[in-house]
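Here's a walk through one chain, from its sheet out to the helices and charged pairs around it. Have a look at the fold before reading on.

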Amino acid sequence: MSAADKINIGAIGINGMGWADLRAALKQPGVNVVALCDVDKNVLDRRMKELADMQVDTSAIKTYGDYRQLLERKDIDAVIIGTPDHWHALIMIEACQAGKDVYVEKPVGNSIGECRAMIAAQQKYNRVVQVGQWQRSQQHFRDAVDFVGTGQLGNVRTVKVWCYQGWMKPGPVVPDSDPPREWTMRCGWGRLRRGLLTPAGFISISGGSGTMRED
């Protein structure tokens, strides 16, 4: 396959699902990773080592702490967005503006307004955008939706949803300390919201728990 036929991708937010998405993308023929972005340099260093262990040529991969620098690159065709939820909308919109195709993790956005702005950006800049809501394609989910649509359940008045997260371990209890130097970039616009450092406020900017199923 010639270099012209390859798709150069960059990954933004690679400590969780963004890393899983990148590894899945690299299994596809013609996909070439050229940039990684994360606010935590420790994460960047760890992922670069893991890519080298996967026999990926890391000499051509550049790392960034600010996604805007990654989006400035003209040689990147598409980006994977695996950041905390509150960053999804802004980065996706700016990626479309920069002429990139996008794979963005769930949830799409944190509000209907954000989602409408994201759709408008995709349409305005005519980009290919996919959201990581792959569960909607699984047959048993489709069968359940179709069954509700038949009306056999009658008038649905209440829906209760729960989440089993047996794969997640509790976070360690650590003493108070100064915030990391990248804290402002990590929080983004969320730092301006009231109650940021309360438990509810922190969940609002960290993605909370259960976003794998909340969408």
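Let's start in the sheet, where V104 stands opposite V131 in β6. That pair belongs to a parallel match: strand β5 (residues 101-104) is joined to β6 by three bridges. For the record, two strands are said to pair if DSSP finds at least two bridges between them.

Before going further, a word on the source: this is a predicted model, in which local features need pLDDT of at least 70 and side-chain atom pairs count only at pLDDT 80 or more, while totals for chains, interfaces and linings use all residues. Residues are numbered from 1 along each chain as its sequence is written, and side-chain values use heavy atoms, with hydrogens and water left out.

**The sheet and its helices**

The chain has nine helices and six strands. Helices (H or I, at least four residues) and strands (E, at least two) are DSSP runs, numbered from the N terminus. How are the strands ordered in the sheet? The order is β3-β2-β1-β4-β5-β6, an open sheet of six strands with parallel pairing. At the edges sit β3 (62-64) and β6 (129-131), each pairing on one side only. On average, neighbouring strands of this sheet are turned by 20 degrees against each other, direction ignored.

Helix α1 (residues 17-26) packs on this sheet and touches β1 (7-12), β2 (31-37), β4 (78-81) and β5. Its direction makes about 160 degrees with that of β2. Helix α2 packs on the sheet too, touching β2 and β3, and its direction also makes about 160 degrees with that of β2. Contact here means heavy atoms within 4.5 Å; axes are lines fitted to C-alpha atoms, for helices over the stretch in contact, and angles run from 0 to 180 degrees between N-to-C directions.

**An enclosed helix**

Now for α4 (residues 88-97). Seven of its ten residues are buried, so this helix is largely enclosed by the rest of the structure. Buried means under 20% relative accessible area, exposed over 50% and partly exposed in between (1.4 Å probe, protein chains only). The buried residues of α4 are H88, A89, I91, M92, I93, A95 and C96, and they pack against β1, α3 (67-71), β4, β5, α5 (112-125) and β6. Just after α4, G99 takes a positive phi of about 85 degrees. Across the chain of 215 residues, 33% count as buried.

How do α4 and α5 sit against each other? Their axes come within 9 Å and cross at roughly 10 degrees. That makes α4 roughly parallel to α5 (angles under 35 degrees count as roughly parallel, over 145 as roughly antiparallel, 65 to 115 as roughly perpendicular and the rest as oblique). On the α4 side, H88, A89, M92, I93, C96 and Q97 meet E114, A117, M118, A121, Q122 and Y125 in α5.

**Charged pairs**

Side chains of opposite charge can pair when their charged atoms come close. A search of the whole structure finds seven salt bridges, each being a side-chain nitrogen of Lys or Arg within 4 Å of a carboxyl oxygen of Asp or Glu. Among them are these:

| Salt bridge | N to O distance |
|---|---|
| E50 and R47 | 2.8 Å |
| D75 and R73 | 2.8 Å |
| R127 and D101 | 3.1 Å |

R127 lies in the loop between α5 and β6 and D101 in strand β5, so the pair ties together parts that are 26 residues apart in sequence. Both ends are partly exposed: R127 has a relative accessible area of 22%, and D101 has 22%. In the D75 and R73 pair, D75 counts as partly exposed at 35% relative accessibility, whereas R73 counts as buried at 16%.

The E50 and R47 pair stays inside one helix: both lie in α2, three residues apart, about one turn of the helix. That helix spans residues 41-53. Is R47 buried or exposed? At 7% relative accessibility, R47 counts as buried, while E50 counts as partly exposed at 26%. Leaving aside its neighbours within four places in sequence, R47 is in contact with I14, N15, G16, W19 and L36.

One last number for the whole chain: among contacts between residues at least 6 apart in sequence, 68% join residues at least 24 apart.
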